Amino acid sequence: MSMDESRLPVPLARVALRVIPETVLNRLTYLLIRRMQKIHPGLFQNLARLDAATVCIEPSDLPYRFVLKFGQGPTSLRTAARAGCSCDAAVKGKLESLLNLLEGRIDSDMMFFSREIIITGDTAVVVALRNTLDREEIRLLDDISAMCGPVSNPARKVIVRVNKFMEHIKTSMKNAHERRHSRDANEAAAKLECARLQEEIKALKFRLAKFEVRGKRMDASAL
């Protein structure tokens with residue numbers, strides 16, 4: 001399996017998270033947490049040992065945030081509106097950066113220093129959470145497809161294929177936009193060149209008219 005096929009497809013995930021109703025999404029996140037508790041029991045045991053805390057996870061390219069509660073009790077994850085969320089700390093970044101952080105695909109310190117991920121509030125809470133997650137290998141695509149039970153492998157293949165199709169459509173649209181932009185730029189350049197040539201023609205006509213007048217004067221004086 002290639003690295004791309006082991007990763008949760010970000011374009012597909014972004015579209016799904018935008019169109020799924022919030023009530024349905026909260027139900028799905030609840031089921032996902034339950035499934036992950038079975039697949040990663042050590043992770044949730046370690047989370048339960050932490051001090052109780054609430055972290056707001058804010059994907060900058062989605063219209064809402066996720067509220068993660070952990071420590072000294074069950075772990076929960078739910079959606080919340082952008083405003084009015086009380087939390088101990090907040091982690092903000094693009095969805096892809098947040099998923100990479102969760103799955104440990106990119107060095108988290110580098111992401112923080114490059115400002116791909118922005119932390120506000122109690123940084124100690126986020127550090128404790130990050131250290132706990134780093135001790136566990138998480139592959140969200142595996143965990144989500146496992147929710148499909150006996151059809152998990154076909155479901156995984158469908159997810160990957162749909163994402164490839166979306167990437168193909170995205171690439172085609174980008175190429176079409178670039179071709180249209182290039183065509184518009186060429187048309188604009190052609191118009192400027194025509195305007196310049198017209199000005200040169202006007203100037204030549206004016207000079208020619210002056211020569212004709214001068215020639216007539218010379219002919220008249222010769223008489």
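Accessible areas come from the Shrake-Rupley method with a 1.4 Å probe. The model used in these exercises is predicted.

**Exercise 1. The whole protein**

Task: Find how much accessible surface the protein has, and what share belongs to carbon and sulfur atoms.

Solution. Start with the total: about 14,700 Å². Carbon and sulfur atoms hold 59% of that surface. Now turn to the residues. The protein has 223 of them, and 31% count as buried. Last, look at the contacts with a separation of 6 or more. Residues 24 or more positions apart account for 63% of these.

**Exercise 2. Order of the elements**

Task: Count the helices and strands, then list the elements from the N terminus on.

Solution. The count is 8 helices and 5 strands. The order runs α-α-α-β-β-β-β-α-α-β-α-α-α.

**Exercise 3. Confidence**

Task: Decide which element has the lowest mean pLDDT and which has the highest.

Solution. Take the protein first. Its mean pLDDT is 78, and 74% of its residues reach 70 or more. Then go element by element. Helix α8, residues 152-222, has the lowest mean, 68. Helix α3, residues 41-49, has the highest, 93.

**Exercise 4. Helix α6**

Task: Check the span of helix α6 against its number of residues, then find where its buried residues lie.

Solution. Step one is the expected span. Helix α6 covers residues 123-134, which is 12 residues. The expected span is 1.5 Å times one less than the number of residues. For α6 this should come to 16 Å, and the end C-alpha atoms are 16 Å apart, so the two agree.

Step two is burial. The buried residues of α6 are V125, V126, L129, R130, T132 and L133. Seen down the helix axis, they fall within an arc of 160°, so they line one face of α6.

Step three is the start of the helix. There, a side-chain oxygen of D122 comes to within 3.0 Å of the backbone nitrogen of A124.

**Exercise 5. Helix α3**

Task: Name the buried residues of α3 and some of the elements that cover them.

Solution. L43, F44 and L47 are buried in α3. Down the axis, these residues fall within an arc of 90°, so they line one face of the helix. Their cover includes α2 (22-39), β2 (65-70) and α6.

**Exercise 6. T79 in strand β3**

Task: Is T79 buried or exposed, and which side chain does it join in a polar contact?

Solution. Locate T79 first: it sits in strand β3, residues 76-80. Next, apply the cut-off. Buried means under 20% relative accessible area. T79 has 4% relative accessibility, so it counts as buried. Now the partner. The side chains of T79 and E22 are joined by a polar contact of 2.8 Å. Leave aside neighbours within four places in sequence. T79 is then in contact with E22, L25, N26, Y64, R65 and F66.

**Exercise 7. T54 and C56 in strand β1**

Task: Give the relative accessibility of T54 and of C56, and say how far C56 is from T120.

Solution. T54 belongs to strand β1, residues 53-59. C56 is in strand β1 too. T54 has 14% relative accessibility, so it counts as buried. C56 is buried, with a relative accessible area of 0%. Not counting residues up to four places away in sequence, T54 touches V67, L68, K69, S86, C87, D88 and A89. Finally, the distance. C56 and T120 are 64 residues apart in sequence. In space, their C-alpha atoms are 9.7 Å apart.

Notes
Residues are numbered from 1 along each chain as its sequence is written. This is a predicted model: local features need pLDDT of at least 70, side-chain atom pairs count only at pLDDT 80 or more; totals for chains, interfaces and linings use all residues. Side-chain values use heavy atoms; hydrogens and water are left out. Helices (H or I, at least four residues) and strands (E, at least two) are DSSP runs, numbered from the N terminus. Buried means under 20% relative accessible area, exposed over 50%, partly exposed in between (1.4 Å probe, protein chains only). Contact means heavy atoms within 4.5 Å. The arc is that of the directions from the helix axis to the C-beta atoms. A polar contact is a pair of N or O atoms within 3.5 Å; within protein, one must be able to donate a hydrogen and the other to accept it, and residues adjacent in sequence count only if both atoms are side-chain atoms. pLDDT is the predictor's confidence in each residue, from 0 to 100.
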